[in-house]
Amino acid sequence: MTSERASSRDLLTELEPVVEENLNRHLATAKEWFPHEYVPWTEGTDFDGPLGGEAWAPEQSRLSEVARTSLVVNLLTEDNLPSYHHEIATMFGRDGAWGTWVHRWTAEEGRHGIAIRDYLLATRAVDPVALERARMTHMETGFTNAYSDQSSLHGIAYVSFQELATRVAHRNTGRISGDPVCEQLLARVAADENLHMIFYRNLLAGAFEVSPDAAMRAVCDVVTTFQMPGHTIENFTRKSVQIAMAGIYDLRIHHDEVVTPVLRNIRALETTGLSAEGEKARDELVAFLTELDKQASRFVERRERIDAAKAQRG
Ligand SMILES: [Fe+2]
Ligand SMILES: [Fe+2]
């Protein structure tokens, strides 16, 4: 075991009481819910194939193109769960409170994919053949934790931001869907993602107490290189531009509603007692956030110009 890995293990052991406390809090807070209750089954009909029903056609969908794109991205992201489970179990281990959490989290995430897929199929919102092929391609690519050769703190920092990013993406997708049934379902899923974020964010806060320099470095590395968990989905760049243009998830949202609230909640930027290395990481982080904020403003201005030009063309 390298010394980095060894200290990473030590840190996980030190954080175990925080995990246990937050696992218990999570189990007491999370409400049981049932995907089938959120799906309008009466709208469902057989498809073509062995059952000889009607093939899917675009006009059957009541959702806009961007709502469909975003739902598919969100669902494919949820679908890649086996890879996430593998990465998280590798990073955190399967013993004690860590193991209990990893399995519980996986089971909750599994519910999200089930619920969203059932909704999409029952309402004929998306092409089921394209969806299944996209799932195969995406899962065959798998997911690799970008920080696997760094500290487990990088992993904790990543999931803190990622869970909140996912929450916002689900919630805003529901909001722009124009379908109250879809919005209700995605709001329910988003509530789960919020609890996941709180779990990881509390661990990150614990990490800042145990090892402030390493925590600052991890947060800096993760924020400056952050990618959505679904970034390996086919044509992700094109899809994410569509999603950003619709205001579902863009740089402004990423800065204001994901990165900033996590950092503010745990008072990361106000950490005291940092060494020179820790201070360096904080400076890098602050400089990056300033630039991100500027880029976000530029993006919003550009989008407003494009929208105005479109409105003028009628
Ligand atoms: Fe999820
Ligand atoms: Fe989650």
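Glu163 is buried (under 20% relative accessible area, with exposed over 50% and partly exposed in between; 1.4 Å probe, protein chains only), at a relative accessible area of 0%. Glu163 is also one of the protein donors of the iron ion (ligand 2). This is a predicted model, where local features need pLDDT of at least 70, side-chain atom pairs count only at pLDDT 80 or more, and totals for chains, interfaces and linings use all residues. Residues are numbered from 1 along each chain as its sequence is written, ligands are numbered from 1 in the order in which they are written, and side-chain values use heavy atoms, without hydrogens and water.

**Iron site**

- Glu109 (OE), Glu163 (OE), Glu193 (OE) and His196 (ND1) are the protein donors of the iron ion (ligand 2), at 1.8 to 2.2 Å.
- Donors are N, O and S atoms within 2.8 Å of the metal (3.2 Å for Na, K and Ca); water is not among the atoms, so sites may look incomplete.
- The donor spacing in sequence is E-x53-E-x29-E-x2-H.
- The arrangement is irregular because the 4 donor atoms subtend angles of 93 to 137°.
- Four donors count as tetrahedral if all angles lie between 85 and 135 degrees; four count as square planar and six as octahedral if opposite donors are over 155 degrees apart and all others between 65 and 115; anything else is irregular.
- Glu109 bridges the iron ion (ligand 2) and the iron ion (ligand 1), which are 3.9 Å apart.
- Glu109 in helix H4 (residues 96-122) and Glu163 in helix H6 (residues 152-177) link distant parts of the chain, 54 residues apart.
- Helices are DSSP runs (H or I, at least four residues), numbered from the N terminus.
- Glu109 is buried, with a relative accessible area of 4%.

**Largest cavity**

- There are 2 cavities of 30 Å³ or more.
- A cavity is a set of points on a 1 Å grid over the protein atoms alone where a 1.4 Å probe fits but cannot get out; lining residues have an atom within 4 Å of a point.
- A volume is the space filled by probe spheres set on the points.
- The largest cavity holds about 230 Å³.
- Its lining has 20 residues, and Tyr84, Ile88, Trp105, Val159 and Gln162 are the closest to its centre.
- H6 supplies the largest share of this lining, 6 residues.

**Second largest cavity**

- The second largest cavity has a volume of about 30 Å³.
- Its lining includes Trp33, Arg104, Glu108 and Asp192.
- H4 gives the most to this lining, with 3 residues.

Methods
Helices (H or I, at least four residues) and strands (E, at least two) are DSSP runs, numbered from the N terminus. On a 1 Å grid over the protein atoms alone, a cavity is a set of points where a 1.4 Å probe fits but cannot get out, and a pocket is an open set with protein on both sides within 12 Å along at least five of seven lines; lining residues have an atom within 4 Å of a point.
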